[in-house]
Structures are given as C-alpha cells and as structure tokens.
Amino acid sequence: MISTEEDLKIESESTSTSRVCASWYRRRVPSVGPSVERRATRQSAANGFWPWLVLLIAILPAVWHVVDFPEDVDDEYPGVLRPTFSRRPPPAYRLAEPGDTIDRIVIYTGAGAAVLALLSLMVSLPGGRDARLSAFGIGLAALWHGATPWPTFDGWHGLGFHVAFDPTAPLGVRAAVGCLEVVLGGLIIVPTIRLLRNPRAAIAAARREQVFGLLVAAGLLAVARQVEIPGVEPVGYWPRCFLVWSLVALNCVLVRTWPAGRPSRPASKIAIYLLGIGLWLGLVVCGVWMARYHRPLHRLHTVVPGKIYISAMPTAWGLETANARHHFKTVINVFPEDTPQRSPLLDEELRFVREHHIKYYGSPSDPTKADAFLDQTLQIAQDPNAWPILVHCHGCMDRSPAWMGIYRFVVEGRPLLGILQEIERHRGYRPKAGVTVLYNRVLPPRAGARYDADPTGQVLRWAQSGVTGPPPEDQPARANQSTLSGDHARGRDVPK
C-alpha cells in the first residue's frame, strides 16, 4: 500500500509527538540504573542477615555462662578464700535447672511464636496459612513444655507431656494432658503434611522469603533439644539452650514473613499491636503460674525423697499446695525470726502449722544456743515420726543449703566435695565464705576423724587460713584452678 503526502505528514507529526512524550517521561520517571539495583540487593541481604544476628546474640550469653567463673569477695569474710568445686561455673548449673531461667525464656519465646503466628493468620491472605498454623501449634507446645518443668523438684508427677504415660498420675490428669497432646499434635502435624504434599513449592517459597536456612536451623535445634550430650556439664544446659535458640529462629521467621502491608489501615495496625501485647502477656502469666504450681515453694530442693526437703520462706499458698502433696509433719525454720530481719510471712506460716497440727521448730537468735539447735535438728531429721520434714530459711541460698550439707556429711557420711558441688549448683553461686567458717567450726566436733581425712576439708581449712600458697594437691582440678576471689581482689598469685 502506497502512502499519500498527507499520510506522511500525519505520521511525521505523530512520531514527533511520541518523542516529546518519551523525553518528558524520562525526565519525570528516572530509570532503574545499576546503583538502584545495588541498593536493592544490599537491602535484601540486610533483611536476610538480621535474623542470624539476633540468633547470634541469643547464643553468646549461653557460652559466656559456661566459661565465666565468679571471682567476687564475700564482704562479710573478706579474708576467706572461695574456691569453686564444680567443673563449670555454678550459675550455669542453676540456669540448667528445670523451671529456672532457661525454661522461663522458653515460656516467653514460645508465647511470642504463638502470638505472631495467630496474628499473621488473622491478617494474611489464604496462601501460606498452613505454615502459620503449624507455627502456632509449635509455639503453644513449647510454652507448655517450658511451663511444666521435668523432672520435678520433689517427685510430684507434674503436668508435662510425659504425664499422659505416667501410671502414678491420676487418671483424670493423664486424660486431660493426653487430649492436649492430641490437639497440639494435630495443629502441628496436619498443616505440615499439607505443606509437604508439594515440598518443592514450600522450599521455593521459603527461599524467596529468605527464611529457608532459619527454618532448617530451627528444626535441627528442636531435634537437638531431645538429646542429652553424654559427659557434658551442666546436665540439661545445652539441650535447653537449643530449644530457646530454635524458638528465637522461629520468631524471626514469623517476623520476616509477616504479610506485607497488612493490615493496611493505621487504626487496624494499632489494634493488632495491642491485641498481640495482650495475648502475649496473658500466655506468659499463665505459663509462669503453671511453673510456679510445679514448684510452689521457692527454691524447693529434695534432700531425702519423701523425708526431708529444703526451701525458701513459704507463702501461705505455697505451703498449702506443697503440703497437699507431701503432708508435712515437721517444719524447721533455721532463720532466727526474733530479729529485725523477721519475715513478713512468718505469721501465715505459724497459723498454718497450728491449723494442720504440724510440729514447728524455730532457730534461736542467741548464738550460744546455735549448736544445741543444730544438734536438735539433726536428731529430728533422723526420726521417722517427724517425716516428711520441711527445712527452710528466707531465701534457701545460705542457711538451708548449709544445713543440708551438714546433714549429708554428719548423718549420711557423704564426702564434702559432692556436698559443696550440690550447694553450688542449688545456689547458682559459690557458697558464701561464712559456710567455710561454719563447716570448719561445726563439722570437726561432730565427725572429726572424717573431716580430717576428707581432702576437701583440708581445702576449707586452707581457704580460711588466708595462706597464699596452693591448696592441697589431691583436690579436684577445679579447686586447684579455682577462681579464688580473695586472691584476685588483693592482686596475689592465684593457686594453680
């Protein structure tokens, strides 16, 4: 087809107009050049890197607690040295206790995962809901696991997942926990099975969101929680840490994959934030209460199962709950209450023992009567008619553990090394220098030959003597390489 002169003129004007429009558009809308692409790449890398940084920050304190030995001086007895008798720093053993700090962190992070998953389910589009539903179930299961520490501190069956298979637990408790296991298992397994029907698509989606590595790490750490590392102390420390890190990784995944731009309205965003905070606080309060129900007496510790227990000063609720499980016949308070440090909980305790016809023995404030009271309590502890016995002070950090050590050495005949290790691990710290002074005073008159022959007894005498040389050579390595705070504080050579 041949174009006329008029057609050519129209075509020329059209081409000129197009060029003008294109020039205007280039001026108004800058093109995506290499620098913009580089910035986008760096931002994408940063978005994928920050969760790993958070995970690293969570790991560092755990490593620190197994290498950092306390070195402080006891101001009450600054001239008495304080060896560490445990293989690892005592705080690590305390953290590894069921229901202690690490399990509390499991409660917090498990609640966080459950809330993040639930809220993202509420605001997300239909796609990806299976993964969030599974994460919701995992968060709740972790929360329940952290809130029901096992093994319990006093032989009680507890309310953890294991109780469904415990023949000693009441049938109703076993059935209730079994139903909870079925519900949580369904929340986790069913959505996961749906996801795995198309594993390639699931992996591709995780890679696209830059969370595939985090998910793998979370899964491996959760599996590692189930395995105790043989010969590694403190027992239970690293498996509990693995669970915390797994939950930290899961929380990072949920934050990283939060539905973009949802909710869109500012008012809806504020409502979601407030709802999330409220739900998280509610779950944490429930979890902490459940953990407290497992250990109703603060710092509860079994000395002889079914016979002797130590604890901090009990509250009325704690004493009521613990007594329903153990039916105490005797309570021994090793803190002198007729002093300005009298506990505000004493009146509740005295009322409880009167109402329940429990024998009560209180420590005298007169120092001249202290030895007689100690001998009396050791005799009571050996009387079957007095069992079960609860021995307590105010915090179960000094007096009650020290009494336990005396009982173990004088009555049970155990070596001092194991006794001091038990005290360190219960306290989460080295015994105060006053315990060294106390043992050097009260143990020789009651078991002199054994105390003289016990290698750790020689170390305690050396620690109180203020000698700057090394302790006896036949002591365990940790005592020979002890972080003797008195030496450090005075700039003297630490025994090697």
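Two residues are in contact when they have heavy atoms within 4.5 Å of each other. The model used in these exercises is predicted.

**Exercise 1. Contacts of L416**

Find the residues that L416 touches, leaving aside its neighbours within four places in sequence.

Solution.
- Step 1. Set aside the neighbours within four places in sequence.
- Step 2. Apply the contact cut-off of 4.5 Å between heavy atoms.
- Step 3. Read off the partners of L416: F409, Y439, L443, Y451, D454, T456, G457 and L460.

**Exercise 2. A helix pair**

Describe how α15 and α17 meet: how their axes run and which residues make the contact.

Solution.
- Step 1. Take the axes. Those of α15 and α17 come within 7 Å and cross at roughly 65°.
- Step 2. List the residues. L416, L417 and L420 of α15 meet T456, G457 and L460 of α17.
- Step 3. Sort the contact by class. It has 4 nonpolar, 2 polar and no charged residues.

**Exercise 3. The cores**

Pick out the members of the largest nonpolar core that touch the most other members, and name the elements that supply at least two of its residues.

Solution.
- Step 1. Start with the size. The largest nonpolar core has 41 residues.
- Step 2. Find the best-connected members. I308, V391, W403, Y407, L416, Y439 and L443 touch the most other members.
- Step 3. Name the elements. At least two residues each come from β1 (301-304), β2 (308-311), α13, β5 (389-392), α14, α15 (416-427), α16 and α17 (455-465).
- Step 4. Look elsewhere. Another core, of 26 residues, lies apart from this one, and its members include A62, V106, W245 and L247.
- Step 5. Recall the general tendency. In soluble globular proteins, nonpolar side chains tend to be buried together.

**Exercise 4. The largest pocket**

Give the volume of the largest pocket, then describe its lining.

Solution.
- Step 1. The volume is about 1,500 Å³.
- Step 2. The lining has 43 residues, and A131, S134, I138, L215 and L250 are closest to the centre.
- Step 3. Two or more lining residues come from each of α5 (129-147), α6 (171-196), α7 (199-208), α8 (212-224) and α9 (237-256).
- Step 4. α5 gives the largest share, 8 residues.
- Step 5. By class, the lining has 28 nonpolar, 10 polar and 5 charged residues.

**Exercise 5. The second largest pocket**

Do the same for the second largest pocket.

Solution.
- Step 1. Its volume is about 930 Å³.
- Step 2. Of its 25 lining residues, V334, A370, R399, L438 and R441 lie nearest the centre.
- Step 3. α13 (370-381), α14 (399-410) and α16 (433-453) each supply at least two lining residues.
- Step 4. α16 provides the largest share, 6 residues.
- Step 5. The lining has 15 nonpolar, 3 polar and 7 charged residues.

Technical notes:
Residues numbered from 1 in each chain as written. Predicted model: local features only at pLDDT ≥ 70, side-chain atom pairs only at ≥ 80, totals over all residues. Heavy atoms only, no water. 1 Å grid on protein atoms, 1.4 Å probe; cavity = no way out; pocket = protein on both sides within 12 Å on 5 of 7 lines; lining within 4 Å. Points joined across faces, edges and corners; volume = space filled by probe spheres on them. Helix = DSSP H or I, 4+ residues; strand = E, 2+ residues; numbered from the N terminus. Nonpolar A, V, L, I, M, F, W, Y, C, P; charged D, E, K, R; others polar. Core = buried A, V, L, I, M, F, W, Y, C linked by side-chain atoms within 4.5 Å. Buried < 20%, exposed > 50% of the residue type's maximum accessible area, 1.4 Å probe, protein only. Axes fitted to C-alpha atoms, helices over the stretch in contact; angles between N-to-C directions.
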